[in-house]
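The following exercises are meant to be worked through with the sequence and the three-dimensional view at hand. Each task is followed by a solution in steps.

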Amino acid sequence: LRQRLYRAIVNTDWLFFSRSRSSDFTHALTTELDRVGRATRTLLRLIPEVGVAAVYIVVAVFMSPTVSALACVSAAGLILLLRGKMQATRAGMKEATKATKGLHAAVNEQLSGTKTIKSYGAEERNVAIFSRFTERIAQMYIDSARHGAAAQRWLNIGMVLVLSLVVYVSIGILATPASQLLLLLYLFAMITRLLSRVQAHHHDFVIDSQALSTVTEVE
């Protein structure tokens with residue numbers, strides 16, 4: 001993908017190339033393509049974990065369709081409730097990506113004009129401008145990480161509540177045998193752990209895969 005993008009940049013129309021910032025091309029060829037690589041690795045981790053979770057779910061459904069349906073519906077409702085926090089995280093990371101692109105352009109322009117800056121004694125002003133850029137981007141990443149951590153926390157709390165509901169319904173309403181209930185709880189605990197990891201991988205994948213749109217736009 002990096003080679004294809006570089007070939008596209010080299011063979012692009014001269015008018016388009018002259019109107020574009022070289023920092024945008026550099027940003028796409030380095031930072032953004034590295035993020036695409038991370039997204040690919042995350043996706044490859046995500047696929048087998050989803051498969052294992054599906055096997056556990058099938059076994060649980062085979063043992064107790066009613067309890068499994070209750071757990072699945074509750075978990076789906078929980079994910080819908082957390083959808084807003086997940087979207088806020090993705091939106092924040094998208095803005096951070098745009099800001100990072102601007103940072104690359106600013107760095108390129110300021111370093112290119114370093115001789116002029118030194119001749120006018122404007123080093124501190126130049127450093128202050130750069131510091132404002134980096135602090136703004138850092139705050140964007142912090143806010144996005146905070147949203148992601150909050151979503152993960154509420155997911156874990158919600159899963160505990162779902163398991164508690166499963167135990168209550170199994171014992172109080174369905175009178176599920178203790179041996180079967182213990183096995184179901186073990187399966188649901190494994191499913192919860194896997195879903196937690198899947199959610200974390202999905203979060204990382206969605207964030208890093210946004211870089212692909214930047215690369216495609218440049219190409």
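**Exercise 1. Identify the salt bridge formed by R2 and describe its setting.**

Step 1. In this predicted model, the side chain of R2 meets that of D34 in a salt bridge, with an N to O distance of 3.2 Å.

Step 2. Locate the two partners. R2 belongs to helix α1, whereas D34 belongs to helix α3 (residues 22–63). The two residues are 32 apart, and the pair links distant parts of the chain.

Step 3. Classify the partners by accessibility. Buried means under 20% relative accessible area and exposed means over 50%, with partly exposed in between. R2 has a relative accessibility of 40%, so R2 counts as partly exposed. D34, at 39%, is therefore also partly exposed.

**Exercise 2. State how many salt bridges the whole structure holds, and describe the one that involves R146.**

Step 1. A search of the whole structure yields two salt bridges.

Step 2. R146 pairs with D143, and their closest N and O atoms are 3.1 Å apart.

Step 3. Both R146 and D143 lie in helix α7, at a spacing of three residues, which is about one turn of the helix.

Step 4. R146 reaches 52% relative accessibility and therefore counts as exposed. D143 has a relative accessible area of 29%, so D143 is partly exposed.

**Exercise 3. Describe the overall make-up of the protein chain in terms of helices, strands and burial.**

Step 1. Count the elements: the protein chain has eight helices and zero strands. Along the sequence, the pattern reads α-α-α-α-α-α-α-α.

Step 2. Consider burial. The protein chain has 219 residues, and 35% of them count as buried. Its accessible surface is about 13300 Å², and carbon and sulfur atoms account for 65% of that surface.

Step 3. Consider the contacts between residues at least 6 apart in sequence. Of these, 86% join residues at least 24 apart.

**Exercise 4. Determine which residues form the largest nonpolar core, and which helix gives the most to this core.**

Step 1. As background, nonpolar side chains in soluble globular proteins tend to be buried together.

Step 2. The largest nonpolar core consists of nine residues: A60, V67, A71, V162, V166, L184, L187, F188 and I191.

Step 3. Assign the residues to helices. At least two residues of this core come from each of α4 (65–81), α7 and α8 (178–218). The greatest contribution is that of α8, with four residues.

Step 4. A second core, separate from this one, has six residues, including I9, A28, L29 and L33.

**Exercise 5. Examine V162 and L5: is each of them buried or exposed?**

Step 1. V162 is placed in helix α7. The relative accessible area of V162 is 12%, so this residue is buried.

Step 2. Once neighbours within four places in sequence are left aside, V162 is in contact with A71, S74 and A75. The C-alpha atoms of V162 and F188 are separated by 9.5 Å, although these residues stand 26 apart along the chain.

Step 3. L5 is placed in helix α1. With a relative accessible area of 0%, L5 is therefore buried. Its C-alpha atom is separated by 7.3 Å from that of L29, a residue 24 places away along the chain.

**Exercise 6. Compare the settings of G148 and L165 in helix α7.**

Step 1. Helix α7 spans residues 123–173 and holds L165. G148 is found in helix α7 too.

Step 2. G148 has 15% relative accessibility and so counts as buried, whereas L165, at 35%, is therefore partly exposed.

Step 3. Look at the surroundings. The C-alpha atoms of G148 and A88 are 8.6 Å apart, with their positions 60 residues apart along the chain. L165, Y168, I173 and L174 make a nonpolar surface patch of about 410 Å².

**Exercise 7. Where in the protein chain is confidence lowest, and where is it highest?**

Step 1. The mean pLDDT of the protein chain is 76, and 85% of its residues reach 70 or more.

Step 2. Confidence is lowest in α8, at a mean of 68, and highest in helix α1 (residues 2–10), at 83.

Step 3. Where pLDDT is low, the predicted coordinates should not be read in detail.

How values were computed
Residues numbered from 1 in each chain as written. Predicted model: local features only at pLDDT ≥ 70, side-chain atom pairs only at ≥ 80, totals over all residues. Heavy atoms only, no water. Patch = residues over 30% accessible without salt bridge, like charges linked within 9 Å, V, L, I, M, F, W, Y side chains within 5 Å. Areas by Shrake-Rupley, 256 points an atom, 1.4 Å probe, with all protein chains shown as cover. Salt bridge = Lys/Arg side-chain N within 4 Å of Asp/Glu carboxyl O. Buried < 20%, exposed > 50% of the residue type's maximum accessible area, 1.4 Å probe, protein only. Contact = heavy atoms within 4.5 Å. Core = buried A, V, L, I, M, F, W, Y, C linked by side-chain atoms within 4.5 Å. pLDDT = per-residue confidence, 0-100.
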